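This report describes one protein chain, starting with its salt bridges and moving on to a helix and a hairpin.

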Amino acid sequence: MTDNAMERKCRFAMIMEAGNSIGIVILIAARMVNAWSVHRLTGITMIQKQVALNCKPGYVDFPNCHLDCSDHGTWTGSSCDCNDGFAQPNCETCENGYSGSNCEPATWIDTTTGLTWQNPPAENRMNWLQAKNYCDSMVFAGFDDWHLPTISELRSLIRGCTQTQVGGSCNVEDDGCLTWDYRDSEECGDCGNIQGPGNNGCYWSEYLRGDCSEYWAMQSWVDAFDDEMAWTVVFYTGKVTLDTVNLSYDVRCVR
């Protein structure tokens, strides 16, 4: 065999060997791609199965998938048994008569008078007529006999201002003469600004919630100029006074 023939044969062998190597590399790469695709599809399938195994929003405990009673109730097998103050169906909102994040009772019973008060008061301020209508039509905490408090009832909430508390020297009361001229301005005046025993220095019980401000009473009076005025208590001073009925003040209903 000549040298040229030998050289050609060696080159051919090298080319064949290189081709085999490339083929092996391509085969390995193809297998890797196929394995990755299978893994990816398997992962997607597993995710799909996981989604399918979950209950729809608001329900828990697959595969039964009963209503989620949140942290404020227990599933009984047919419905949520909600903690006091929390409402069915899922114990996430407050029952009528309860309020706040913990659904606390939205009424307060004054043991000194036996009166039940809305607590906290109405969210919005109102003029006097709106306040009367609001309380008269209110169905709340299982009762429908609410009303705007009389001046004596409203005064019964005062704490820490002896002269304007019920039984004090202020002469404005349900059985009295409810005119501005009759009011004793000194005895029905204030006891100092924000110095009461309630929250934020309010002149009421520590158990009462709401803005420490001026609140409407039921009785009104028409002055010599035909301007209608109604009685109020200013709880940040303890004062008992009159104001025109078209102004907006806070409202706390009572029964």
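## Salt bridges and local packing

Arg-209 is partly exposed, at a relative accessible area of 26%. The model is a predicted one. The side chain of Arg-209 meets that of Glu-104 in a salt bridge, with 3.7 Å from N to O. This pair links distant parts of the chain: Arg-209 sits in the loop between α3 (151-155) and β11, Glu-104 sits in strand β8 (residues 104-105), and the two are 105 residues apart. Glu-104 is also partly exposed, with a relative accessible area of 39%.

How many salt bridges does a search of the whole structure find? The search finds four. Three of them, including the one just described, are set out below.

| Salt bridge | N to O distance | Relative accessible area |
|---|---|---|
| Arg-209 and Glu-104 | 3.7 Å | Arg-209 26%; Glu-104 39% |
| Arg-159 and Asp-110 | 3.1 Å | Arg-159 21%; Asp-110 1% |
| Asp-250 and Arg-125 | 3.2 Å | Asp-250 3%; Arg-125 48% |

In the second row, the side chains of Arg-159 and Asp-110 meet. Arg-159 belongs to the loop between α3 and β11, and Asp-110 to the loop between β9 (107-109) and β10 (116-118), so this salt bridge ties together parts that lie 49 residues apart in sequence. Is each partner buried or partly exposed? Asp-110 is buried, because its relative accessible area is 1% and the cut-off for buried is under 20%. Arg-159, at 21%, counts as partly exposed.

In the third row, the side chains of Asp-250 and Arg-125 meet. Asp-250 is in the segment after β13 and Arg-125 is in the loop between β10 and α2, so the pair ties together parts 125 residues apart in sequence. Asp-250 counts as buried at 3% relative accessibility, whereas Arg-125 counts as partly exposed at 48%.

The next element along the chain from that loop is helix α2, which spans residues 128-136 and has Trp-128, Ala-131 and Cys-135 buried. Why do these buried residues line one face of the helix? Viewed down the axis of α2, they fall within an arc of 55 degrees, so they share one face. In general, an α-helix has 3.6 residues a turn, so residues three or four places apart point the same way. The cover over the buried residues of α2 includes β11 (214-222) and β12. At the start of α2, a side-chain oxygen of Asn-127 comes to within 3.2 Å of the backbone nitrogen of Leu-129.

Strand β12, part of that cover, covers residues 228-234 and pairs with strand β13 (residues 239-244) in the antiparallel sense, over six bridges. Val-234 stands opposite Lys-239 in β13. The hairpin formed by β12 and β13 has four residues between the strands, and Gly-238 there takes a positive phi near 85 degrees.

Some totals complete the description. The protein has three helices and 13 strands. It comprises 255 residues, of which 35% count as buried. Among contacts with a separation of 6 or more, 50% are between residues 24 or more positions apart. The accessible surface comes to about 15600 Å², and carbon and sulfur atoms hold 53% of this area.

How values were computed:
Residues are numbered from 1 along each chain as its sequence is written. This is a predicted model: local features need pLDDT of at least 70, side-chain atom pairs count only at pLDDT 80 or more; totals for chains, interfaces and linings use all residues. Side-chain values use heavy atoms; hydrogens and water are left out. Buried means under 20% relative accessible area, exposed over 50%, partly exposed in between (1.4 Å probe, protein chains only). Contact means heavy atoms within 4.5 Å. Accessible areas come from the Shrake-Rupley method with a 1.4 Å probe; for residues, only the protein chains shown count as cover. Two strands pair if DSSP finds at least two bridges between them. The arc is that of the directions from the helix axis to the C-beta atoms. A polar contact is a pair of N or O atoms within 3.5 Å; within protein, one must be able to donate a hydrogen and the other to accept it, and residues adjacent in sequence count only if both atoms are side-chain atoms.
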